[in-house]
Amino acid sequence: MAKAASRNGEVLRTACGVGVSERVDYLGKGVGLVDDKGRVAIPSTLRAALAQNAPRPDGKDGGTVLVGVHPDFPCLIAHDRGYVEFAKTQLIQRQAEVGAHTGSAAYYAPRMRGASVEPVPFDGSGRFILPAAERELAGIGEIAFFLGDYESFMIWDPRALVAHDGVDKLVKQHAVIMCRDKGIVL
């Protein structure tokens, strides 16, 4: 298992065009308040990884984050632009393994889902606007819980995260504590 994870990390680093020593994992978590326009700030640890993995060509702070609906959880998933080539390569490989052919739902459905991410600009402090449709589909209201998952990060409504059976107990406890520390009772 460790070899497979290490190998995937190497493939990701190569496919993303960032050297092994340059690309960093999305680690950490945080809580952000979402304003009435859908603005929220990416927590600093995740924002630092995003900036390192996809730096702006002009060297300024900020950049673009790709936000989409998570394929398996009721939340959003966010990536840097470099992740796209890796994800596309993995998709093509999986489709070849299962024999998905052009014109079939098995061929197009995962492509449509994967390519339906929204590129969203974020500023130097990590503030960005959650796309309205994605925000609604994930059920994110006034609070967003960010959670790194190595290659990307998830954005949850913390109440949905705590209620979901597929989320690790310790992650749920972190969400409750971090919200409580901001005066938010779940």
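The following exercises, each with a worked solution, concern a predicted model of a single protein chain.

**Exercise 1. Overall composition**

Determine how many helices and strands the chain has, and what share of its residues is buried.

Solution. Step 1: the secondary structure consists of seven helices and eight strands. Step 2: the chain has 186 residues, and buried residues account for 39% of them. Step 3: the chain exposes about 10,400 Å², of which carbon and sulfur atoms supply 56%. Step 4: of the contacts between residues at least 6 apart in sequence, 64% join residues at least 24 apart.

**Exercise 2. The nonpolar cores**

Identify the residues that touch the most other members of the largest nonpolar core, and the elements that give two or more residues to this core.

Solution. Step 1: the largest nonpolar core contains 21 residues, and those touching the most other members are V65, F128, F146, F153 and I155. Step 2: two or more residues come from each of α2, β3 (63–69), β4 (76–79), β5 (118–122), β7 (143–148) and β8 (153–156). Step 3: helix α2 gives the most, with three residues. Step 4: leaving aside residues up to four places away in sequence, F153 touches Y26, I42, L46, V65, L76, I77, A78, F146, L147 and G148. Step 5: another core, of 13 residues, lies apart from the largest one and includes L147, M154, L161 and C179.

**Exercise 3. A polar residue in helix α2**

Classify N53 as buried or exposed, and name the side chain with which the side chain of N53 makes a polar contact.

Solution. Step 1: N53 belongs to helix α2, which spans residues 44–53. Step 2: the relative accessibility of N53 is 3%; the cut-off for a buried residue is under 20%, so N53 counts as buried. Step 3: the side chain of N53 makes a polar contact with the side chain of Y26, at 3.4 Å.

**Exercise 4. Salt bridges of D35**

Establish which residues are joined with D35 into one salt-bridge network, and which parts of the chain the pair of D35 and R127 links.

Solution. Step 1: the count of salt bridges comes to four. Step 2: one of them is between the side chains of D35 and R39, at 2.6 Å from N to O. Step 3: R39 has a relative accessible area of 30%; this value lies between the cut-offs of 20% and 50%, so R39 is partly exposed. Step 4: D35 also forms a salt bridge with R127, the closest N and O atoms being 3.7 Å apart. Step 5: this pair links distant parts of the chain, since D35 is in the loop between β1 and β2 whereas R127 is in strand β6 (residues 127–129), 92 residues apart. Step 6: R127, at 35% relative accessibility, is likewise partly exposed. Step 7: a further salt bridge joins R180 to D181, with the closest N and O atoms 3.1 Å apart. Step 8: R180 is exposed at 53% relative accessibility, and D181 is exposed at 56%. Step 9: through shared partners, salt bridges join D35, R39 and R127 into one network.

**Exercise 5. The loop residue D36**

Locate D36, classify D36 as buried or exposed, and state how far apart D36 and E142 are in sequence and in space.

Solution. Step 1: D36 is in the loop between β1 (29–33) and β2 (39–41). Step 2: its relative accessible area is 73%; the cut-off for an exposed residue is over 50%, so D36 is exposed. Step 3: D36 and E142 are separated by 106 residues in sequence, yet their C-alpha atoms are 7.8 Å apart in space.

Note on methods:
Residues numbered from 1 in each chain as written. Predicted model: local features only at pLDDT ≥ 70, side-chain atom pairs only at ≥ 80, totals over all residues. Heavy atoms only, no water. Helix = DSSP H or I, 4+ residues; strand = E, 2+ residues; numbered from the N terminus. Buried < 20%, exposed > 50% of the residue type's maximum accessible area, 1.4 Å probe, protein only. Polar contact = N/O pair within 3.5 Å; in protein donor to acceptor, adjacent residues only side chain to side chain. Core = buried A, V, L, I, M, F, W, Y, C linked by side-chain atoms within 4.5 Å. Contact = heavy atoms within 4.5 Å. Areas by Shrake-Rupley, 256 points an atom, 1.4 Å probe, with all protein chains shown as cover.
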